[in-house]
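Visitor: I've got the sequence and the model open, and I'd like to walk through it with you. Mind if I fire off some questions?

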Amino acid sequence: DRTVKGIDRDVVQSENFGASYEATKYLINMGHRKIGVISTDNFSTVKERLKGYRAAYIESGIPVDEAVIARVTAKGKSSREVTRKLLNEHPDITALYILNNSLSSGVLLELKDSRIKIPDDISLLAWDDEEYNELLDITTVEQPIDEIGRMVVQRLFELMGEPDAEPGYECMKLKTKLIIRKSCTPPSRRK
């Protein structure tokens with residue numbers, strides 16, 4: 001579901017830029033101005049999500065604060081540690097946007113340890129919809145994982161049917177869905 005440098009083959013992925021733009025605009029329209037980001041290494045999908053985040057800020061006339069974009073690297077600290085550092089350095093962050101659901105558990109554990117309540121103290125929006133997001137009422141960007149898998153298999157069968165054909169390169173981008181739950185509130189409605 002992402003492009004890999006040096007491999008020019010078909011890609012089926014979510015519309016990462018547009019979905020991230022929509023998610024960020026949702027938070028901005030709610031009144032959030034300082035939205036912290038927790039992300040992974042710079043995969044192509046994460047780069048597109050960050051572009052969407054930045055575009056929403058720029059279109060809204062709000063300067064992008066690169067200091068509130070925190071990255072968890074393969075050889076670096078955990079999402080828990082990165083979240084702790086980010087919130088300690090920027091206590092005025094009113095919302096967190098997690099760009100990869102694999103980072104969510106560390107973020108949630110840090111918020112729990114720090115006694116930061118969702119959404120009373122901070123709003124939370126995560127990428128990917130897992131069952132525990134539904135259980136915890138976390139607003140998420142849902143990717144069409146089943147559809148991505150179906151399209152990939154269909155494309156593989158097409159290529160297998162034409163073994164001498166050059167596979168070429170096509171990037172198919174599928175719509176996502178912003179699932180609004182109870183983890184985001186306007187900063188002015190906080191206790």
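Visitor: Where does N101 sit?
Guide: Keep in mind that this is a predicted model. As for N101, its place is in the loop between β4 and α4.

Visitor: And is N101 buried or exposed?
Guide: The cut-off for buried is under 20% relative accessible area. N101 comes in at 5% relative accessibility, so this loop residue counts as buried.

Visitor: Which residues is N101 in contact with, leaving aside its neighbours within four places in sequence?
Guide: Two of them, A126 and W127, belong to β5, which covers residues 123–127. Leaving aside neighbours within four places in sequence, the full set for N101 is A126, W127, D128, E130, Y132 and N133.

Visitor: What about N100, buried or exposed?
Guide: N100 is also placed in the loop between β4 and α4. Setting aside neighbours within four places in sequence, N100 is in contact with T40, R49 and W127. Its relative accessible area is 16%, so N100 is buried.

Visitor: W127 keeps turning up. How many of the residues of strand β5 are buried?
Guide: Take the two directions in turn: S123, L125 and W127 point one way from β5, while L124 and A126 point the other way. Both sets are buried. The strand is therefore largely enclosed by the rest of the structure, with the buried count at 5 of the 5 residues.

Visitor: Which strands does β5 pair with?
Guide: With β4 (residues 95–98), β5 runs parallel, and 4 bridges join the two. There's a parallel pairing over 3 bridges as well, and that one is with β6, residues 139–142. So to speak, the names you want are β4 and β6.

Visitor: Zooming in on L125, which residues are its bridge partners?
Guide: From the β4 pairing, L125 is the partner of Y97. From the β6 pairing, L125 is the partner of T139. That gives Y97 and T139.

Visitor: What handedness does the β-α-β unit of β4, α4 and β5 have?
Guide: The helix in question is α4, residues 104–113, and it is part of the unit with β4 and β5. This α4 packs on the sheet, touching β2, β4 and β5, and its direction makes about 155° with that of β4. The unit is right-handed.

Visitor: In what order do the strands of the open sheet run?
Guide: There are 6 strands in it, and the pairing is mixed. The edge strands, each pairing on one side only, are β3 and β8 (177–179). From one strand to the next the twist averages 15°. The order is β3-β2-β4-β5-β6-β8.

Visitor: How many residues does the largest nonpolar core have?
Guide: Residues with the most contacts inside this core are I35, I38, Y53, L96, Y97 and L125. Elements supplying at least two residues each include α1 (16–29), β2 (35–39), α2 (44–59) and β5. The core's size is 41 residues.

Visitor: Which residue in β5 does L96 stand opposite?
Guide: L96 touches, among others, I38, L86, V107, L111, L124 and L125, not counting residues up to four places away in sequence. Among these, the one that L96 stands opposite in β5 is L124.

Visitor: How far apart are the end C-alpha atoms of α2?
Guide: Among the buried residues of α2 are V46, R49, L50, Y53 and A56. The helix has 16 residues, and at 1.5 Å a residue α2 should span 22 Å, which agrees with an end-to-end distance of 22 Å.

Visitor: Which residue with a positive phi follows α2?
Guide: Its phi is near 75°. The residue is G61.

Visitor: Last one: how far apart in space are Y26 and A56, C-alpha to C-alpha?
Guide: Y26 is in helix α1, and at 18% relative accessible area it is buried. Apart from residues up to four places away in sequence, Y26 touches L125, T139, L178, I180 and C184. Y26 and A56 are 30 residues apart in sequence, and their separation in space is 9.4 Å.

Terms used:
Residues are numbered from 1 along each chain as its sequence is written. This is a predicted model: local features need pLDDT of at least 70, side-chain atom pairs count only at pLDDT 80 or more; totals for chains, interfaces and linings use all residues. Side-chain values use heavy atoms; hydrogens and water are left out. Buried means under 20% relative accessible area, exposed over 50%, partly exposed in between (1.4 Å probe, protein chains only). Two strands pair if DSSP finds at least two bridges between them. A crossover is right-handed if, with the strands pointing away from the viewer, the path from the first strand over the helix to the second runs clockwise. A nonpolar core is a set of buried Ala, Val, Leu, Ile, Met, Phe, Trp, Tyr and Cys residues joined through side-chain atoms within 4.5 Å. Contact means heavy atoms within 4.5 Å. Axes are lines fitted to C-alpha atoms, for helices over the stretch in contact, and angles run from 0 to 180 degrees between N-to-C directions. The expected span of a helix is 1.5 Å times one less than its number of residues.
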